[in-house]
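Got a minute to poke around in the pockets of a protein? Have a look, and then we'll ask how each label is earned.

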Amino acid sequence: MAFRLISLGHTGLSAGALARGLVAAAIAVSLSWGGVLYAANQSVQGAKKTEDAGFDGDAPTAILIEASSGSVLFEKNADELRAPSSMMKLVTAEVVFNAIKKGDIKLTDEYRISENAWRKGGAPSGGSTMFAAINSKVSVDDLLHGAIIQSGNDACIALAEGIAGNERIFASDFMTKRARELGMAKSTFANSNGLPDPGNKMTVRELGMLARHIILDFPEFYKLFGEKEFTWNKIRQPNRNPLLNSMEGADGLKTGYTKEGGYGMVGSAVQNGTRLIVVVNGLEDSEDRATEAKKMLEWGFRNFETRTLIAADQPVGYAKVFGGESRSVKLVAKEPVKVMVHKSGGDKLIARIIYSGPVRAPVQEGQRVGVVRVWRGGNIAVETPVYAAEAIGTGSTVRRAIDGASELVIGMFRAGAEKL
């Protein structure tokens with residue numbers, strides 16, 4: 001592949017200091033399988049999300065993701081906040097998985113089923129429950145089985161109370177904190193299980209991000225989502241995920257329903273070595289939910305395949321350097337940049353390097369500079385970090401003065417243009 005870098009933005013000096021701004025550069029790449037990746041002088045600010053013309057989706061909000069690369073194959077209102085219902089249990093599960101991984105808790109630890117957990121989420125509640133007995137002690141392992149397989153609200157409350165003392169603290173100090181660490185900037189939580197509350201809001205994009213993270217980072221726990229039944233307190237309950245019995249390779253993740261949110265599902269399946277993740281929400285009945293999720297997954301498997309756009313450690317382009325021995329630094333991606341493309345070819349992809357710059361010298365080799373972001377139409381298909389391939393030392397006083405003057409002039413022109 002041959003790369004050509006086109007600068008699309010500059011920064012200027014404000015009040016005598018370098019004002020660091022968003023710089024975008026576009027890459028032109030020749031794709032051997034018939035797709036076209038081209039550079040265009042377009043703003044990178046907030047590309048409008050549109051439906052993929054190749055799929056007619058009925059869900060009010062939906063997204064389809066390839067798990068390995070994170071490529072988005074389809075999205076519809078993917079950033080709209082809605083009640084996630086029991087799909088929010090994935091957040092509670094991840095908090096517990098992470099706490100176990102860090103050694104803060106163990107699978108063998110036991111938490112008491114409080115009267116609060118029993119009344120709000122247990123047998124008297126009328127909702128999905130593990131049927132854990134009041135005041136009984138249940139291991140973290142069994143509570144995870146109850147929360148994931150049986151969608152037990154009581155199991156989630158018991159985990160929240162056992163870890164944080166009460167559910168509100170768990171939602172604010174554990175779920176919200178962890179969500180932000182994982183890049184889920186929009187999601188908000190008021191309880192541990194998704195029971196109706198105005199404070200429970202998530203987007204299908206962030207649910208998809210979370211599902212991908214669980215699949216890739218917690219494979220030992222992800223197996224729980226594919227278990228078809230679990231028995232507790234002598235009550236056997238089947239897994240509520242309809243895909244497990246209706247689609248080849250399906251092995252997760254979670255369904256949800258509340259009056260406020262409608263019917264939703266986070267699902268995943270593997271076929272021919274490719275894993276896809278689907279999230280739908282806001283449907284009117286459970287059959288529509290199952291049908292829509294399965295239809296979207298089948299469409300993805302049937303029409304897409306993975307291609308490597310940029311090899312690991314292959315030069316991607318250059319970022320402008322301020323005050324350095326060199327005026328630019330070569331950038332590479334440490335991992336291959338892969339994207340799902342239509343098997344028929346003809347995809348039109350736009351890739352841009354986006355970074356905050358110019359990058360101030362000195363620059364360390366391996367320093368993260370920005371990202372390569374690839375669009376398919378109006379949708380972001382994949383985003384991968386890029387790093388400095390070489391060290392750039394601090395330049396001479398004359399070099400720094402020239403760069404400062406250059407940036408000042410560019411800043412003045414930009415300010416003037418913005419006033420027109």
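**Pocket talk**

Q: What makes a residue part of the lining of the second largest pocket, and which residues are they?

A: In this predicted model, the residues lining that pocket are Val 95, Asn 98, Ala 99, Lys 102, Asp 104, Ile 105, Ile 163, Asp 173, Phe 174, Lys 177, Arg 178 and Glu 181. They count as lining because each has an atom within 4 Å of a point of the pocket.

Q: Which helix gives the most to the lining of the second largest pocket?

A: That's helix 5, with five residues. Helix 1 (89-102) and helix 5 (167-181) each supply at least two.

Q: How do you know how many residues of that lining are charged?

A: Asp, Glu, Lys and Arg count as charged, and the lining divides into five nonpolar, one polar and six charged residues. The pocket itself holds about 260 Å³ of space.

Q: What is the volume of the largest pocket, and which residues lie nearest its centre?

A: Its volume is about 990 Å³. Of the 34 residues that line the largest pocket, Ser 69, Gly 70, Met 209, Arg 212 and Glu 383 lie nearest its centre.

Q: Why is Gly 70 called polar here?

A: Gly is counted among the polar residues, so Gly 70 goes in that class. By class, the lining of the largest pocket has 15 nonpolar, eight polar and eleven charged residues.

Q: Which domains and which element feed the lining of the largest pocket?

A: Domain 1 (61-303) and domain 2 (311-418) each give at least three residues. Helix 6 brings the largest share, eight residues.

Definitions and conventions:
Residues numbered from 1 in each chain as written. Predicted model: local features only at pLDDT ≥ 70, side-chain atom pairs only at ≥ 80, totals over all residues. Heavy atoms only, no water. 1 Å grid on protein atoms, 1.4 Å probe; cavity = no way out; pocket = protein on both sides within 12 Å on 5 of 7 lines; lining within 4 Å. Points joined across faces, edges and corners; volume = space filled by probe spheres on them. Helix = DSSP H or I, 4+ residues; strand = E, 2+ residues; numbered from the N terminus. Domains from an automatic or database assignment.
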